[in-house]
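Reader: I am new to this structure. Please pick one small part and look at it closely. Then take me outward from there.

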Amino acid sequence: AQDYYNFTNTTRTYTDLSNATSMNNGIVWDWDDFGPVTTPFPVYVFGQNYDSFTFDDDYFFFENSTSNSTSFFFPVTAYIMDRNFSFVGASLTPISYKIEGATGSRVLKLEVKNAGLEMEADVSSTSTLFLNFQIWFYEADKSIEYHYGNHNITNINMLNDMGMSAIYL
């Protein structure tokens with residue numbers, strides 16, 4: 001049974017997903033959800049398997065349709081939104097996923113690209129701050145990776161109204 005995870009930290013080049021499947025399909029979003037999407041293989045978290053995932057407002061979550069159990073993934077506790085603060089036209093912040101690899105060694109990759117911050121929208125109605133992240137789920141060993149891309153956030157208070165940030169699984 002998978003009842004614990006070993007944490008490791010590595011540094012490597014972050015690469016945006018290419019040819020990924022869009023979840024928001026160009027729709028500008030904030031407080032919206034997209035999904036559920038059926039997983040290509042059972043995703044395991046602490047021994048529980050999940051068969052679908054959804055993006056909901058600020059995070060991804062996985063569900064088991066039989067047991068109605070869920071697991072939430074917060075790569076950063078930020079209140080994020082589409083960088084198109086005007087809500088006119090197309091999204092500037094794609095939410096997408098990609099499946100890579102052969103059966104038995106597939107990787108499900110989830111991505112939020114170029115996310116804006118709700119705190120910035122509330123404070124200044126501008127869209128200058130951004131962040132990028134991915135979550136990877138491995139079929140073979142059931143490991144999970146958080147990948148962090150470029151960002152320009154220098155003030156932690158812009159992430160949320162709690163004045164702090166954390167990573168949650």
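Author: Start with I95: its bridge partner in β8 is V112. A word on the source before going on. This is a predicted model, where local features need pLDDT of at least 70 and side-chain atom pairs count only at pLDDT 80 or more, while totals for chains, interfaces and linings use all residues. Residues are numbered from 1 along each chain as its sequence is written, and side-chain values use heavy atoms, with hydrogens and water left out.

The I95–V112 bridge belongs to the pairing of β7 with strand β8, residues 107–117. These two run antiparallel and share six bridges. Two strands pair here if DSSP finds at least two bridges between them. Strands are DSSP runs (E, at least two residues), helices are runs of H or I of at least four, and both are numbered from the N terminus. Six residues separate β7 from β8 in their hairpin. Among them is G101, with a positive phi near 100°.

β7 covers residues 95–100 and has another partner, strand β1, at residues 21–22. That pairing is antiparallel too, with two bridges. In it, Y97 of β7 faces T21.

Now follow the chain past β1. The loop between β1 and β2 (33–45) holds D30. Is D30 buried or exposed? D30 is buried, because its relative accessible area is 15%. Buried means under 20%, exposed over 50%, and partly exposed in between, using a 1.4 Å probe and protein chains only. Beyond its neighbours within four places in sequence, D30 touches D57, I80, M81, F87 and E118. Such a contact means heavy atoms within 4.5 Å. Y50 is another matter: it sits 20 residues along the chain from D30, and their C-alpha atoms are 25 Å apart.

D57, one of the contacts of D30, leads to another hairpin. This one joins β3 and β4 with two residues between the strands. D57 takes a positive phi near 65° there. Strand β3 spans residues 48–56 and pairs with β4 in the antiparallel sense, over five bridges. T54 is set across from F61 of β4.

β4 itself runs from 59 to 63 and is mostly covered, with four of its five residues buried. Its pairing with strand β5 (residues 70–73) is antiparallel and has four bridges. Here T70 of β5 stands opposite E63. The hairpin of β4 and β5 has six residues between its strands. N68 in that hairpin has a positive phi near 60°.

Step back to the whole chain. It has one helix and 10 strands. Their order along the sequence is β-β-β-β-β-β-β-β-α-β-β. The protein is as compact as a globular protein of its length, because its radius of gyration is 16 Å, close to the 15 Å that the globule rule gives for 169 residues. That radius is taken over C-alpha atoms, and the rule is 2.2 Å times the number of residues to the power 0.38. Along the principal axes, the C-alpha atoms fill a box of roughly 50 × 35 × 30 Å.

Two totals complete the view. Of the 169 residues, 44% are buried. Among contacts with a separation of 6 or more, 57% come from residues 24 or more positions apart.
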